[in-house]
Amino acid sequence: MMLDDTDRLLINRLQEDLPLSNRPFADVGRELGLTESAVIERIEAMKASGAITRFGPFFDVAAMGGAFCLCAIAVPADRFEEVMIEVNDFPEVAHNYERDHTLNMWFVLATETPEGIAETAERIEEKTGLQVLCFPKLQEFFIGFRVKA
Amino acid sequence: MSVETKISDREIIAALQGGLPIVAAPYAEVADKLGMSEVDLVARIAAMKDSGAIRRIAAAPNHYKLGMVANGMTVWDVDDTQVANLGTQIGALPFVTHCYERPRARDNDWPYNLFAMVHGGTPAEVEAKRSEIAAILGDACQGHDILYSKRILKKTGLRLRKRG
């Protein structure tokens, strides 16, 4: 699906906070000069096409007493698909990317307690038989995430 | 105790972690499923935003589908005494979406302590941005690399483990 200019306008707006109102999509539509139903239809279409992977609250598990951690595994090429299934099967794995390096699998663990990170990493090591390297953040310099469409 | 306070934050998170329904009155729909009023649910979400538990209610775009086909995790071995100052400068660059100091893993041939995620329309664009970062880091950087993403293997956001 090709995104048109209105989709791009909408996706940029939707990366910012949605109002906590009774009719939030009507409010967003009013800001952008769109009807409520046009906003809803376009979001649905962008979700269906994959342009938007998810729409909803962004939780910060650290603020809820939990933790995030970036982890990596050097997966042998001939085991990649099998290990991917094993790793993705853990609900603590929030996202997972294949990257072009010896350390070729990079994923983020999100756990409800700080101890959960090491425990989950250990369980992934047991499951896969591979070493999990943990790269917890020591300092955060920017938390933008937004990409201009 | 009112009916509303019997509903835990955990239940609210569980109801929202898959995403918000894309309907005219989404909070009302979720509140209905939880058996609480829309006003109370909105108040609880507002409190979770105040505490930082919810950062915002927003869309997670797929960078690839937006034409950001090249996404490079740039990694840098930066002098520990300068990493705070230089990290702040790198994090402020408009094309850097995440920037963190992380521990090195020297035993695993990983000397890098500064991570900066760079997105671009083409690999050449990402390389140009990487050069810009290298110029800022200058002699404080002993080595660097870039890890291009080849595939999204999973992207779900938070999932609570089911409790028995």
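**Domain organisation, helix packing and the interface between chains A and B**

In the predicted model, the domain assignment divides chain B into domain 1, covering residues 4-51, and domain 2, covering residues 70-148. The C-alpha centres of these two domains of chain B are separated by 39 Å. For chain A, the assignment gives domain 1 as residues 5-49 and domain 2 as residues 61-135. Here the C-alpha centres of domain 1 and domain 2 of chain A lie 34 Å apart.

The packing of helices H1, H2 and H3 of chain A was examined pair by pair. Helix H1(A), spanning residues 5-14, and helix H3(A), spanning residues 36-49, have axes that come within 11 Å and cross at roughly 90°. H1(A) and H3(A) are therefore roughly perpendicular to each other. On the H1(A) side, the contact is formed by Thr6(A), Asp7(A), Leu10(A) and Ile11(A), and on the H3(A) side by Val39(A), Arg42(A) and Met46(A). By residue class, the contact of H1(A) with H3(A) consists of 4 nonpolar, 1 polar and 2 charged residues.

H1(A) also packs against H2(A), at an angle of about 125° and with the axes 11 Å apart. Angles that are neither roughly parallel, roughly antiparallel nor roughly perpendicular count as oblique, and H1(A) is accordingly oblique to H2(A). The crossing of H1(A) and H2(A) is right-handed. Leu9(A), Leu10(A) and Arg13(A) of H1(A) meet Val28(A), Glu31(A) and Leu32(A) of H2(A) in this contact. The residues of the contact of H1(A) with H2(A) comprise 4 nonpolar and 2 charged, with no polar residue. Leu10(A) thus appears both in the contact of H1(A) with H3(A) and in that of H1(A) with H2(A).

For H2(A) and H3(A), the packing angle is about 105° and the axes are 8 Å apart. Since angles of 65 to 115 degrees count as roughly perpendicular, H2(A) is roughly perpendicular to H3(A). H2(A) contributes Phe25(A), Ala26(A), Val28(A) and Gly29(A) to the contact, while H3(A) contributes Glu36(A), Ala38(A), Val39(A) and Ile40(A). These residues of the contact of H2(A) with H3(A) divide into 6 nonpolar, 1 polar and 1 charged.

Strand pairing in chain A involves E3(A), which is joined by 5 bridges to strand E4(A), residues 105-111, in an antiparallel arrangement. Within this pair, Val93(A) has Leu109(A) of E4(A) as its bridge partner. E3(A) and E4(A) form a hairpin, with 5 residues between them. E3(A) also pairs across the chains, where 5 bridges join this strand to the antiparallel strand E5(B), residues 141-155. One bridge in the inter-chain pair links Asn96(A) to Lys154(B) of E5(B).

The contact between the two chains takes 57 residues from chain A and 60 residues from chain B. On the side of chain A that touches chain B, at least two residues each are supplied by H1, helix H2 (24-32), H3, strand E1 (52-59), helix H4 (80-88), strand E3 (93-99), strand E5 (133-135) and strand E6 (139-143) of chain A. E1(A) gives the most to this side, with 8 residues. The residues of the side of chain A that touches chain B are divided into 33 nonpolar, 12 polar and 12 charged.

Notes
Residues numbered from 1 in each chain as written. Chains lettered and ligands numbered in written order. Predicted model: local features only at pLDDT ≥ 70, side-chain atom pairs only at ≥ 80, totals over all residues. Domains from an automatic or database assignment. Axes fitted to C-alpha atoms, helices over the stretch in contact; angles between N-to-C directions. Helix = DSSP H or I, 4+ residues; strand = E, 2+ residues; numbered from the N terminus. Parallel < 35°, antiparallel > 145°, perpendicular 65-115°, else oblique. Contact = placed C-beta atoms within 7 Å. Nonpolar A, V, L, I, M, F, W, Y, C, P; charged D, E, K, R; others polar. Pairing = 2+ DSSP bridges. Left-handed = near helix turned anticlockwise from the far one by under 90°.
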